[in-house]
Amino acid sequence: MAAANGVRSVWVGQNGLLSTPAVSAVIRNRIGADGAKASGAFILTASHNPGGPNEDFGIKYNMENGGPAPEGITDKIYENTKTIKEYFTAEDLPDVDISTVGITTFGGPEGPFDVDVFDPTEDYVKLMKTIFDFGAIQKLLTSPQFTFCYDALHGVAGIYAKRIFVEELSASESSLINCIPKDDFGGSHPDPNLTYAKELVTRLGLGKQAPDSEPPEFGAAADGDADRNMILGKRFFVTPSDSVAIIAANAVEAIPYFSSGLKGVARF
């Protein structure tokens with residue numbers, strides 16, 4: 001559809017994986033091989049609901065500023081769906097291997113058309129390094145006195161957890177659980193809460209049964225598209241509002257991005 005309707009280039013995260021926050025970073029910061037930036041992005045996601053062929057599936061649209069389309073835009077899109085009579089497709093284009101990074105160029109009906117498959121973690125990691133002190137975090141995560149567990153609930157956060165915690169911050173991969181993305185989230189409900197993140201909850205000493213070993217000091221989980229989280233401590237749960245309050249209270253001293261001051265906070 002993109003090629004048939006005059007789109008010059010489509011960017012796709014390798015293996016079709018991109019978190020919702022990473023999509024925003026890509027829109028705002030990534031420069032394509034032709035020097036162009038993205039005009040917007042479609043995110044195909046079940047979010048924090050059960051996903052797969054027989055479960056939930058949704059479409060988000062982010063604008064060129066990286067943020068979600070406002071209601072005024074989505075309302076106009078919906079109105080157009082009620083009047084559209086036809087749409088164009090370029091059915092003769094061959095399939096593209098989205099498991100391999102690289103650019104594939106076609107001669108589309110409207111002219112040259114590129115499919116650019118890129119590393120979905122690169123732009124997000126670059127952004128995170130401008131916000132957080134990776135050196136200080138690495139020192140903490142590699143300390144023998146500190147242990148943690150991160151649960152991606154088989155969502156897209158798994159690829160970012162491996163890249164950031166293991167490759168960038170030198171943490172042990174054994175600290176990560178359920179970090180292989182699956183199209184149906186492993187048949188589970190990828191909502192990071194005390195009900196559905198059962199394995200993490202048990203490991204942190206909050207389950208009905210005692211854990212097999214001493215709980216780690218810190219735990220966290222993300223939803224399917226990695227824009228929601230849950231924070232746990234050893235044998236205690238941190239409510240989302242308290243999590244934001246802790247960040248706000250320590251932001252200026254602990255987060256380089258906010259070193260000049262914190263202008264506001266919000267919890268959605």
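Reader: Where does Ile59 sit in this predicted model?

Author: The model is a predicted one, and Ile59 belongs to a strand in it. That strand covers residues 58–62. Its name is β3.

Reader: Is Ile59 buried or exposed?

Author: Exposed means over 50% relative accessible area. Ile59 comes out at 58%, so it counts as exposed. The value you want is 58%.

Reader: Which residues make up the nonpolar patch on the surface that includes Ile59?

Author: Together the patch residues have about 520 Å² of accessible area. Ile59, in strand β3, is one of the members. The full set is Phe42, Leu44, Phe57 and Ile59.

Reader: What acidic residue does Lys60 form a salt bridge with?

Author: The closest N and O atoms of the pair are 2.7 Å apart. That falls within the 4 Å that a salt bridge calls for. The partner of Lys60 is Asp225.

Reader: How many residues apart are Lys60 and Asp225 in the chain?

Author: Lys60 forms a salt bridge with Asp225. The pair links distant parts of the chain, with Lys60 in strand β3 and Asp225 in the loop between β8 and β9 (229–233). The separation is 165 residues.

Reader: Is Asp225 buried or exposed?

Author: Its partner Lys60 is partly exposed, with a relative accessible area of 25%. Asp225 has a relative accessible area of 2%, and the cut-off for buried is under 20%. So Asp225 is buried.

Reader: Which residues does Thr45 contact, leaving aside its neighbours within four places in sequence?

Author: Thr45 is found in strand β2 (residues 41–45). At 12% relative accessibility, Thr45 counts as buried. Its contacts beyond those neighbours are Phe57, Gly58, Lys60 and Asp225.

Reader: What is the order of strands in the open sheet?

Author: Five strands make up this sheet, and their pairing is mixed. The edge strands, each pairing on one side only, are β7 and β10 (236–238). Written out, the order is β7-β6-β8-β9-β10.

Reader: Which residue in β9 stands opposite Ala221?

Author: β8 and β9 pair in the antiparallel sense, over five bridges. In β9, the residue opposite Ala221 is Met230.

Reader: How many bridges join β4 to β5?

Author: Strand β4 (residues 102–108) runs antiparallel to strand β5 (residues 111–118). The two form a hairpin with two residues between them, and Phe106 stands opposite Phe113 in β5. The bridges joining the strands number seven.

Reader: Why is there no bond between the sulfurs of Cys149 and Cys179?

Author: A disulfide needs the two sulfur atoms within 2.5 Å. Cys149 is buried at 3% relative accessible area, and Cys179 is buried at 7%. The closest cysteine sulfur to that of Cys149 is in Cys179, too far for a bond at 8.5 Å.

Reader: How many disulfides does a search of the whole structure find?

Author: Cys179 is in no disulfide, as its nearest cysteine sulfur, that of Cys149, is 8.5 Å away. For the whole structure, the search result is zero.

Reader: Which residue meets Lys126 in a salt bridge within helix α3?

Author: The two residues are four apart in α3, about one turn of the helix. In general, an α-helix has 3.6 residues a turn, so residues three or four places apart point the same way. The partner is partly exposed at 36% relative accessibility, and the N to O distance is 3.5 Å. It is Glu122.

Reader: What is the N to O distance between Glu173 and Lys162?

Author: Glu173 lies in the loop between α5 and β7, while Lys162 is in helix α5, 11 residues apart. Glu173 is partly exposed at 44% relative accessible area, and Lys162 is partly exposed at 29%. Their side chains meet in a salt bridge at 3.9 Å.

Reader: Which residues of helix α5 are buried?

Author: Helix α5 takes in residues 157–168. What covers its buried residues includes α1 (20–29), α3 (122–131) and α4 (134–141), along with β6 (148–151), β7 (176–177) and β8 (218–222). The buried ones are Ala157, Gly158, Tyr160, Ala161, Arg163, Ile164 and Phe165.

Conventions. Residues numbered from 1 in each chain as written. Predicted model: local features only at pLDDT ≥ 70, side-chain atom pairs only at ≥ 80, totals over all residues. Heavy atoms only, no water. Buried < 20%, exposed > 50% of the residue type's maximum accessible area, 1.4 Å probe, protein only. Contact = heavy atoms within 4.5 Å. Pairing = 2+ DSSP bridges. Patch = residues over 30% accessible without salt bridge, like charges linked within 9 Å, V, L, I, M, F, W, Y side chains within 5 Å. Areas by Shrake-Rupley, 256 points an atom, 1.4 Å probe, with all protein chains shown as cover.
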